[in-house]
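This report describes how selected side chains and two ligands sit in the model shown below. Cysteines are taken up at the start, followed by an annotated pair of residues, a strand residue and the ligand surroundings.

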Amino acid sequence: MTGTAEKTNLLGMPKAKLEAFFEGLGEKRFRAQQVLQWIHQWGIDDFDQMTNMSKALRDKLKEVAEVRGPEVVYDETSKDGTRKWVMRMDNGNSVETVLIPDGERGTLCVSSQIGCTLDCTFCSTGKRGFNRNLTAAEVIGQVWVARKAFMPFDIKDRPITNVVMMGMGEPLMNFDNVVDAMNLMMEDLAYGISKRRVTLSTSGVVPAIDRLAEVTDVSLAISLHAPNDELRNKLVPLNKKYPIAELLAATKRYFARLPEKRKATIEYTVIEGVNDQLEHAHELAVLLKDLPCKINLIPFNPFPESDFKRPSMNATRRFQTVLNEAGYVATIRTTRGDDIDAACGQLVGRVDDRTRRSQRYIAVQQVNP
Ligand code: SAH
Ligand code: SF4
């Protein structure tokens with residue numbers, strides 16, 4: 001959805017890019033503000049409905065531009081209110097997007113790539129291979145589709161209050177498009193979500209964390225999953241390139257430059273017999289002692305291609321207790337949307353793999369410097 005050959009897709013353009021686009025047409029920059037509101041606040045994709053612009057300008061826009069979102073091929077709501085969409089992108093591949101309502105909160109889990117190059121051993125997305133990065137329009141398009149599904153709604157009952165980049169893909173491997181899309185999430189004229197409620201989750205692309213600090217202050221979640229390099233190397237192959245000490249140092253740098261006190265989220269997928277022993281919890285407590293953080297324990301979600309097992313709730317609770325007693329806020333992520341396979345780590349979609357595993361290693365090497 002970068003736009004068809006002759007037309008520019010305005011859906012993925014943050015304010016500054018849209019202003020430049022209008023300037024390029026010989027129009028005033030403030031047109032960008034009007035168009036942002038039409039597209040994102042009102043879900044309008046038809047220029048003829050953008051009635052605060054002249055007919056001449058609307059006709060011009062129809063000639064050179066379009067507002068084109070993903071095609072919804074599946075939309076189902078679970079018994080517990082969790083809603084899942086499968087959205088087909090331009091080349092026929094699809095991604096999944098999930099909305100998890102929780103009291104006044106609605107958290108949308110958004111995908112950043114079709115598949116993933118990084119091959120974490122416990123992740124079904126990684127196992128499906130990699131096809132390509134999503135465009136900014138395809139990333140924000142998931143928020144656009146989800147928001148439109150609830151229209152009209154009273155602004156005080158916003159259906160989407162939080163966005164987490166925890167769907168398919170590694171967001172920092174698709175840096176520029178993800179940053180553009182997150183800027184739109186936070187833009188008052190678009191979705192107006194606060195920086196604390198937009199969370200980027202990464203498996204630890206260290207140089208890109210530093211780059212991210214230069215351009216944004218969204219919340220950051222680090223997929224750690226192990227308290228030492230030996231174990232993490234087995235679960236997250238990227239750890240061989242960027243080991244834990246470097247990852248935690250980059251995480252500290254990310255938060256240290258912010259004027260206000262904020263905490264990182266440490267994600268830890270708990271896998272039976274692999275990283276769920278109490279000594280792992282004690283080791284984790286020591287490892288994280290200098291990092292202001294909260295810990296989110298995610299019981300492993302089994303999938304057919306994996307031999308790993310989900311730990312018992314008791315084992316996960318014992319792990320949690322060790323962390324709590326060491327002074328950490330540690331929560332266990334409850335599984336939602338079980339009946340529609342909408343849990344974390346189950347978001348897959350259709351990936352026509354065009355990358356052989358050997359090539360994927362090169363992709364890791366070529367990560368944004
Ligand atoms: N690539 C990013 C974001 C997408 S994955 C990252 O790795 O952080 C979102 C979260 O789901 C990550 O913490 C990931 O480790 C976790 N996850 C992946 N597969 C899982 C599974 N089978 N069970 C539980 N959590 C899983
Ligand atoms: Fe990619 Fe994240 Fe899955 Fe690892 S856990 S393979 S980085 S999507």
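A disulfide is counted here when a pair of cysteine sulfur atoms lies within 2.5 Å. By that criterion the structure, which is a predicted model, holds zero disulfides. In general terms, a disulfide is a covalent bond between the sulfur atoms of two cysteines. Two of the cysteines can be described by their accessibility: cysteine 109 has a relative accessible area of 7% and is therefore buried, and cysteine 293, with a relative accessible area of 6%, is buried as well.

**Annotated residues**

An unreviewed UniProt entry carries the annotation "active site", and according to that record it covers Glu96 and Cys344. Glutamate 96 belongs to strand 5, which spans residues 94-102. Is glutamate 96 buried or exposed? Because its relative accessible area is 7%, which is under 20%, glutamate 96 counts as buried. The side chain of glutamate 96 also takes part in a polar contact of 3.5 Å with the side chain of lysine 84.

**Serine 219**

Serine 219 is placed in strand 11, which covers residues 219-223. With a relative accessible area of 13%, serine 219 is buried. Once its neighbours within four places in sequence are left aside, serine 219 is in contact with Lys195, Arg196, Val198, Thr199, Leu200 and Arg262.

**Ligand surroundings**

Ligand 1 is surrounded by 22 residues, of which the closest are Phe122, Ser201, Ser223, His225 and Asn301. The table lists polar atom pairs between ligand 1 and the protein, with the distance for each.

| Ligand 1 atom | Protein atom | Distance |
|---|---|---|
| nitrogen of ligand 1 | polar backbone atom of glycine 169 | 2.9 Å |
| oxygen of ligand 1 | side-chain N or O atom of glutamate 267 | 3.1 Å |
| nitrogen of ligand 1 | backbone N or O atom of asparagine 301 | 2.9 Å |

Asparagine 301, whose backbone appears in the table, is also listed among the closest residues to ligand 1.

Which residues lie around ligand 2? They are Cys116, Leu118, Asp119, Cys120, Cys123, Gly126, Gly169, Glu170 and Ser203. By residue class, this shell around ligand 2 divides into four nonpolar, three polar and two charged residues. Gly169 is thus listed around ligand 2, while a polar backbone atom of glycine 169 is 2.9 Å from a nitrogen atom of ligand 1.

Technical notes: Residues numbered from 1 in each chain as written. Chains lettered and ligands numbered in written order. Predicted model: local features only at pLDDT ≥ 70, side-chain atom pairs only at ≥ 80, totals over all residues. Heavy atoms only, no water. Near = heavy atom within 4 Å. Nonpolar A, V, L, I, M, F, W, Y, C, P; charged D, E, K, R; others polar. Buried < 20%, exposed > 50% of the residue type's maximum accessible area, 1.4 Å probe, protein only. UniProt positions renumbered as here; feature names shortened; annotations may be inferred. Helix = DSSP H or I, 4+ residues; strand = E, 2+ residues; numbered from the N terminus. Polar contact = N/O pair within 3.5 Å; in protein donor to acceptor, adjacent residues only side chain to side chain. Contact = heavy atoms within 4.5 Å.
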